[in-house]
Amino acid sequence: MTVHFKLKSPLAPGAVLAALTDFGPRRSEVWPNIDSAHFKVHGQGPGWAEVTEGNSIAGGVWERERYTWDAAAHTVAIETLDSNTWGPGSRWDYRLTAGSSGGTTIDVTVVRKGKGWKGRMIGIALSLVGTQMLRTQMERALARVKSSP
C-alpha cells in the first residue's frame, strides 16, 4: 500500500529538514505519532540515524528505522529495518522544494507492507484515511516547530 501527498509549510526547507531529523528529547512532543515510551536513538552521524519510533495505539506499534538525508538535495529517506507491524520494503520518502514566495512544498510517499494481522488491518485503514491523517499529523508537527522558541 502506498500513500502519497503534498503539503505546503511556511517553514524554509532547512527548517523542515531539521524537524524531520531532530532526534532530541522533544521529538515525541513535536510528532504526534511518536511517544517517548516507543522512542530510542540507536546511533547517528552526519546524514543518518538509526532509531526506534512508535506509539501505544492498537496495543503498541513500533518500527526500527534507518534515516538518511541529503541537506543539499533536500531529501529524507526512512527505511524500516524491523517492526511489529511493517514488513521489509516499508519506507517514507520526503522531497522538500523551496517555494517561490518562501516556505516549502513537501512531497511525501509512504510505502507500507503490513506484517501480521495488525499490520494488515492498519494498512487497510491507512489505504482508506491515510492520506488525510498523515498530512494532518505532519501539518500539526510543523506548526509545533514553527511556534516553538
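**Helix α3, the largest pocket and Asn55**

Let me begin with helix α3, residues 116–147, which spans only 39 Å between its end C-alpha atoms, whereas a straight helix of 32 residues would span 46 Å at 1.5 Å a residue. I should say at once that this is a predicted model. In α3 there is a kink of about 80°, and that kink is centred on Val129.

Turning to burial, the buried residues of this helix include Lys118, Gly119, Ile122, Gly123 and Leu126, and also Gly130, Leu134, Gln137, Met138, Ala141 and Leu142. Among the elements that cover the buried residues of α3 are the strands β1 (2–9), β4 (61–70), β6 (91–98) and β7 (104–111), together with the helices α1 (13–20) and α2 (27–30).

The helix also leads us to the largest pocket, whose volume is about 630 Å³. Its lining is made up of 29 residues, of which Asn33, Trp92, Arg112, Leu134 and Gln137 are the closest to the centre. Which element gives the largest share of that lining? That is α3, with eight residues, while β3 (48–55), β4 and β6 are also elements that each supply at least two. Sorted by class, the lining holds 20 nonpolar, four polar and five charged residues.

Finally, a word on Asn55, which lies in strand β3. Is Asn55 buried or exposed? Its relative accessible area is 13%, and because the cut-off for buried is under 20%, Asn55 counts as buried. Leaving aside residues up to four places away in sequence, Asn55 touches Asn33, Asp35, His38, Gly60 and Val61, and its C-alpha atom is separated by 7.4 Å from that of Ala37, 18 residues apart along the chain.

Conventions
Residues are numbered from 1 along each chain as its sequence is written. This is a predicted model: local features need pLDDT of at least 70, side-chain atom pairs count only at pLDDT 80 or more; totals for chains, interfaces and linings use all residues. Side-chain values use heavy atoms; hydrogens and water are left out. Helices (H or I, at least four residues) and strands (E, at least two) are DSSP runs, numbered from the N terminus. The expected span of a helix is 1.5 Å times one less than its number of residues. The bend at a residue is the angle between axes fitted to the seven residues ending there and the seven starting there. Buried means under 20% relative accessible area, exposed over 50%, partly exposed in between (1.4 Å probe, protein chains only). Contact means heavy atoms within 4.5 Å. On a 1 Å grid over the protein atoms alone, a cavity is a set of points where a 1.4 Å probe fits but cannot get out, and a pocket is an open set with protein on both sides within 12 Å along at least five of seven lines; lining residues have an atom within 4 Å of a point. Grid points are joined across faces, edges and corners, and a volume is the space filled by probe spheres set on the points. Ala, Val, Leu, Ile, Met, Phe, Trp, Tyr, Cys and Pro count as nonpolar, Asp, Glu, Lys and Arg as charged, and the others, Gly among them, as polar.
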